[in-house]
Amino acid sequence: MKKDSENMEIGFIGLGKMGKNMVLRLLKNNHRVAVWNRSSGPMEEVASKGAITSTSIENILEQLENTPKIVWIMLPAGEITENMINKVTPHLSNGDILIDGGNANFHDSIRRNKELEKKGISFMDIGVSGGLIGATKGYCMMIGGDKKTYEYLKPLLESLCINEGFAYMGQSGSGHYVKMVHNAIEYGVMQAIAEGFELLAEGRFNDLDLKNIAHVWNHGSIISSFLMQMAEQAFDKDSTLKHIEPCCVKDSGEGHWAALEAMEYSVPFTVNTYALHARYASRDENSMAYRTLNALRNEFGGHPIKTK
Ligand SMILES: NC(=O)c1ccc[n+]([C@@H]2O[C@H](COP(=O)([O-])OP(=O)(O)OC[C@H]3O[C@@H](n4cnc5c(N)ncnc54)[C@H](OP(=O)(O)O)[C@@H]3O)[C@@H](O)[C@H]2O)c1
């Protein structure tokens, strides 16, 4: 594969919190970007910055003039991404490149690559990290798939990512695999921060300024971090977080898949698995486990319990 200039052309599907900002970074770096999104609002927004809007999946593919065609899908993982890949694939030819930048399960990515390589399509699984701040600072990306395709995509990756914030992970599936482990670590770190702040709030000093503590921890302490900056930001908006319900913390699958993988390989994964289970526990407002715990204490020791 040969490219004529560092300015490339790409079709981008999915302009949610991540996709829209990624497209804006590509446009800022003078790439030609055709977009499609289910709702029109985000398409109009990026069109005002130079993106070419599309009326359908067929239409976005028609608007790509260069060979090979490059299409980046940035949608919720699972069925939605699967359906989109099935819609896009018939419009791609031998040598074209299809990228999934969502948080897909790496098993799905390996399977998709096997199916697409039969048609000569190069499927790349790219784990994206950086959240909302990635829009301005640049993202971090973990890339799996064909090495030559990775080299070919570099001008796009350089535009999207922070300096030194992307790398080739290896064969198909490894990009999403590394992102899965990244997210499992993220769960663990977030849980540690959350529990630390609970002790600060509920422990013996009842007048601690949590925002101030997060702020000072972000200046020279060993636990200064992006997540600690997010804690500082949250406590700045509401010093007690009283406006947020203390329940039902969601997960998007990676922590679960990582815990399963750790079990399969007998790798101790205690902290990250615990953090995942803490999220599960947060969702059960009518927990059988905690009702049973209370019942057992009451049965064996006559300890008082609150009843409905
Ligand atoms: N948010 C993060 O911090 C983050 C970080 C890294 C990776 N990711 C991953 O990146 C992907 C996108 O995340 P996001 O945060 O950008 O999601 P998001 O803000 O919820 O946006 C979802 C996107 O998917 C579209 N969509 C939803 N259901 C659809 C359907 N049935 N058919 C077609 N399009 C549909 C939405 O279109 P509409 O605009 O019409 O609703 C929107 O463009 C996910 O796989 C996510 O796990 C997210």
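## A tour from strand β7 outward

Start by selecting I143 and Y168: Y168, in β8, is the bridge partner of I143. Before you go further, keep in mind that this is a predicted model.

Now show the whole of both strands. β7 covers residues 139-144 and β8 covers residues 161-170; the two run parallel and are joined by 5 bridges. To see how the chain gets from β7 to β8, add residues 147-160, which form helix α7. The path goes through this helix, and the β-α-β crossover is right-handed.

Stay with β7 for a moment and colour its residues by burial. Of its 6 residues, 5 are buried, so the strand is largely enclosed by the rest of the structure.

Next, select residues 122-129, which make up strand β6. β6 and β7 pair in the antiparallel sense, with 5 bridges between them. Two pairs are handy for finding your way along this pairing: D125 stands opposite G144, and V128 stands opposite M141. How much of β6 is buried? The count is 7 of its 8 residues, so β6, too, is largely enclosed by the rest of the structure.

Moving on from β6, bring up β5, residues 97-100. This strand pairs with β6 in the parallel sense over 4 bridges. Click on I99 and then on M124, its bridge partner in β6. Add helix α5, residues 106-117, and you have a right-handed β-α-β unit made of β5, α5 and β6.

Time to look at side chains. Which members of the largest nonpolar core touch the most other members? Select I13, V23, V35, W72, I73, L98 and M141; the core they belong to has 61 residues. You have already met M141, which stands across from V128. Then show helix α8, residues 174-202, which gives the most to this core, with 6 residues. Colour domain 1 (9-171) and domain 2 (179-208 + 245-294) separately: both give residues to the core, so the core lies between them.

For a last stop, centre the view on V35. Setting aside neighbours within four places in sequence, V35 is in contact with F12, L15, V23, M43, V46, A51, I52, T53 and S54. One of these partners, V23, is also on the list of core residues that touch the most other members.

Definitions and conventions: Residues are numbered from 1 along each chain as its sequence is written. This is a predicted model: local features need pLDDT of at least 70, side-chain atom pairs count only at pLDDT 80 or more; totals for chains, interfaces and linings use all residues. A nonpolar core is a set of buried Ala, Val, Leu, Ile, Met, Phe, Trp, Tyr and Cys residues joined through C-beta atoms within 7 Å. A residue is buried if 20 or more other C-beta atoms lie within 10 Å of its own, exposed if 12 or fewer, and partly exposed in between; C-beta atoms are placed from the backbone. Domain bounds come from an automatic or database domain assignment. Two residues are in contact if their C-beta atoms, placed from the backbone, lie within 7 Å. Two strands pair if DSSP finds at least two bridges between them. A crossover is right-handed if, with the strands pointing away from the viewer, the path from the first strand over the helix to the second runs clockwise.
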